[in-house]
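Colleague: Got a minute to go through this model with me? I'd like to know what stands behind the labels.

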Amino acid sequence: MSQFLTPALTGQIINLLAAALLLLSFAMLAQRRILSLINLFAAQGFVLTLSTAFVAWATGQTHLWWSAGLTLALKVLLLPWILHRLIQRLNVKWDVETLLNIPTTMLFGLLLVILAFNLAQPVSALAGTITKGTLGIALAIVLLSFLMMITRSKAVPQVIGFLAMENSLFFAATAATYGMPMVVELGIALDVLVGVIILGVFFFQIRERFDSLDIRHLEKLKEE
Amino acid sequence: MLSEFSWAGASAQLTEILLAVLLAPLLLGWVNQCRAWLQNRSGPGVLRPYLTLRKLMAKDAVVAHGASPLFRTAPYIVFGCMVLAAAIVPTLGTDLPYAPAADAIALVGILALARVFISLAAMDIGTAFGTLGARREMMIGFLAEPALLIVLFTASLISQSTSLATTVETLSQRELAIYPSLAFAGVAFTMVSLAENARIPIDNPATHLELTMIHEAMVLEYSGRHLALIEWAASLKLFVYSCIGIALFFPFGIAQGGDAAGLLLALPALAFKLAIGGFLLALIETVSAKMRIFRAPEFLGTAFMLAVLALLIHALLET
Amino acid sequence: MSWEILAVLGIPLAGGALLALVGHQRRAAELNVALSIATFVAAAALTTRVVRHGPLFAFSEQFFVDSLNVFLVALTAFVSMTTSMFSRPYMRIEQEHGKLTGARLRLYHSMYQLFIFTMLLVLLTNNLGLLWVALEAATLTTVLLVSLYRTPASLEAAWKYFILCGVGIAQALFGTILLYMASQKLLGTGVEALLWTHLFGVRSQLEPTILSIAFVFLLVGYGTKVGLVPLHNWLPDAHAEGPTPVSAVLSGLLLNVALYALVRCKVLADGALGPGFAGQLLMGFGLLSVVVAAFFLSRQRDIKRMFAYSSVEHMGLITFAFGMGGPIANFAGLLHMTVHSLTKSAIFFTVGHAAQTAGTQVMDDIRGLARVSPTIGWGLMLGTLAILGLPPFGVFASEFLILTSAMRQQPWATPLLLISLGVAFAAVFRKVQPMVFGDTTAKPLPHRPALIPVFLHLALALLLGLYIPPYLAAWYREAARLIG
């Protein structure tokens, strides 16, 4: 690999990219506007591509280059484009409504990060990759995306939280195991794409029925 | 502490204090001038704060009837605290006589002391504006102080000591390394400084509208030399915060030993860094809009969260 | 190269594509039935081959068929075939009632075949990553089916289904990643490290810490799809609001398939951690599901929701059985999977027609079914009795075996199980009895209801209760042995 890439510097760059991912997740958690949310999601995908490409360069695992390319195509270009078009056609530009206010959500997010770091400590010690320290961050981002999903009351931010969760799982796979086998990754990518398409169709159905994409309309089926 | 009293050391320390006191208004003037340039105005000139101070000193100090001794002495106490803070932050060198007292927690305590006194003085007269300003100041302080502490703790964890001098030494001696935790801490620190120094986006230093005043509301009753001291203290506070930021995040150039040559070389480095910092501050103020007052807790909450994140990332990735 | 596997997977896949084009035509339902029959024939061929010659690998070990999954493949193909036969007249009646249009029928038919494809893929694949992908795909194919009627309630049910199952299965992905991490140390990087057969070979050497955390995530993830309490929230809504054939296959097949995935992971966890850990977790969740579902049963007013909770209860029972482990408990679990699948789908068939006859799904408004249409009424009665564990139906046999194993191995759980089963019996029977007997204002259906599948299933369930043919018993025993 490259001469000036000492092991220490490699580790630091990977740590920096992981920290950037964590920061982006918090930014998504605190974000109020839908358009910025989609752009942050695209930025998250981009940082993910960078980190995968960097690991590919530093460790020589060629299939990670394909992985990075797939991430770029799907999560930085295609999915945000689909989401933007969906927003335009649904004519949705409102502010994200949250169930808790933003500072409280951030506090919960911090607690989840601490939990994730603790949980991941014994596991990351056993991984065999150079990126094992970032497994805690990967798990933290998974939990933060989950928090984002359950504290939002509109449909589109919930979906973006779901996609962010997929992003973080992909990052966890890269951090712990240098990525899953290509066939599995292709399958996952296909699932994500089909999922978003189905959700797009679904949003129109919801909108048609309720004239709004507020999730609280969808809470009538309670236990009798 | 002062086990080896040397004239050289003492005079160096005194020089540093005098430099801070004298240069602080210049920094404020520079920030205002940059803001004017960015807003396409011709600006008041970098020496305007000095002229303001001279004007205020020459005027009589008008004090309300119901004012207590606290009201009169508060400006001096606040000024004294700021001078003390400027003395212990390692602006030029790390080996000066006061360096052992440069504890991060003590520093935060001194700043808090100043805040308490000015808030009390604001409420002393009993006007509505004073109380309003004091309450808002306390809210900002209550949220900003933990964030500041955690930023300092993150730096302390890296250097294994809460002494600012040791921190500066450790950080300036490491090889070029990318610390994500310091990046997060830097952003958090910037946000906290903006809040504590009453800059946009938390507070507009040029406004007198009731809806938007915080710092200005507290000093509304002061005039003459009292007001001069308070304005001077405010500019010193900005100076101190900038120097803390430089010490933690850009400590290159600060003299390690106590020799005069190192200190003399540290001066232009400091001036350069402060100039850039002032310009960046003016830039941030120009591109941001002032936030509504009830968004301020969110802003500071974000700063706190970033600071805690910096701590966590340091614990996870860098040990 | 195994043509049986190619056929079993290829026919539904091609069928889905074909029906996406012509699914709204007049004969689309018949095409659907024909495709399902063809799939069943291929599955039967695969089964005979595996039973005769033993486990089978295909496509460089990417597919693996042993006694455990081949029996599930046969069951899946059979139930999907009978469901497609049921769906033909049922959907025709729905169309007459104005609840469906041609375009939606096209979606329905193509998604039905694709759903079968994804389930069969889950069962046949050897690659744990692909297993995850296929299970997620199974969720995706059915989301639009649940919301087929476009009512507010069905949209809500579909949304809940998507989000809850999606989040759950994301946890399972994390578990799979951890599993891959553990296996990479022993099997190197590359696809081989994710193949279940290879993992099975080295299961005792897998790192225990990682395996324990991985299994917890896998349990949460796949357990959501099985419908284990407290992750079951999507189940009653999805079953109640979707069209009846979809409820039938969800209850009868998808839950089984998800449990199969869980069991495969349990075998690996047992190898790495010893038999206690995974088994106890399964028993805990299973028992919780049985108890909670039984008590929720009595509060239901919608007939499909009630039977959906019954599915939760039975899946809990099967999970409990697999958690206990041992030859008899595993045998009972497998038997229960089969008879529950048959009986529950039969019940949903009759319930579907009953709801169509009465025009509502609210149980208080359905009365006197036996008078309007004796086949529907008696079908419902018999199905209910079967699922409640009345002898001589098969459910009684498997429940008996589970309870006796519990008495031997986990005596503390037995009273809880007995009470729950009793509560469920009382609740369901109390509701069903007035629905079947008594006076009615319902009108007969415009077409003849499809009740051959119902009675076929019930007959099979009865048969399995009375007498299990020796080759079938040997087959179950072999599969039980594989579970450990």
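Modeller: Sure. One cut-off up front: two residues are in contact if their C-beta atoms, placed from the backbone, lie within 7 Å. And keep in mind that this is a predicted model.

Colleague: Which helices do the buried residues of H7(A) pack against?

Modeller: Helices from two chains. In chain A they are H3 (62-90) and H6 (155-177); in chain C, they are H5 (128-146) and H6 (152-187). The buried residues of H7(A) include A:Val184, A:Ile188, A:Leu199 and A:Phe203, with A:Glu185 and A:Asp191 also among them.

Colleague: How do you know what span to expect for H7 of chain A?

Modeller: The expected span is 1.5 Å times one less than the number of residues. H7(A) covers residues 182-210, 29 in total, and 42 Å is expected. Its first and last C-alpha are 41 Å apart, close to that value. Right after H7(A) comes A:Asp211, with a positive phi near 60 degrees.

Colleague: What makes up the side of chain A that touches chain C?

Modeller: 39 residues of chain A are in contact with 41 of chain C. On the chain A side, H4 (102-124), H5 (135-150), H6 and H7 each give two or more residues. H7(A) gives the most, with 14. By class, that side has 27 nonpolar, six polar and six charged residues.

Colleague: Why is H4(C) called largely enclosed?

Modeller: A residue is buried if 20 or more other C-beta atoms lie within 10 Å of its own. In H4(C), 19 of the 23 residues are buried, so the rest of the structure largely encloses this helix.

Note on methods. Residues are numbered from 1 along each chain as its sequence is written. Chains are lettered from A and ligands numbered from 1 in the order in which they are written. This is a predicted model: local features need pLDDT of at least 70, side-chain atom pairs count only at pLDDT 80 or more; totals for chains, interfaces and linings use all residues. Helices (H or I, at least four residues) and strands (E, at least two) are DSSP runs, numbered from the N terminus. A residue is buried if 20 or more other C-beta atoms lie within 10 Å of its own, exposed if 12 or fewer, and partly exposed in between; C-beta atoms are placed from the backbone. Ala, Val, Leu, Ile, Met, Phe, Trp, Tyr, Cys and Pro count as nonpolar, Asp, Glu, Lys and Arg as charged, and the others, Gly among them, as polar.
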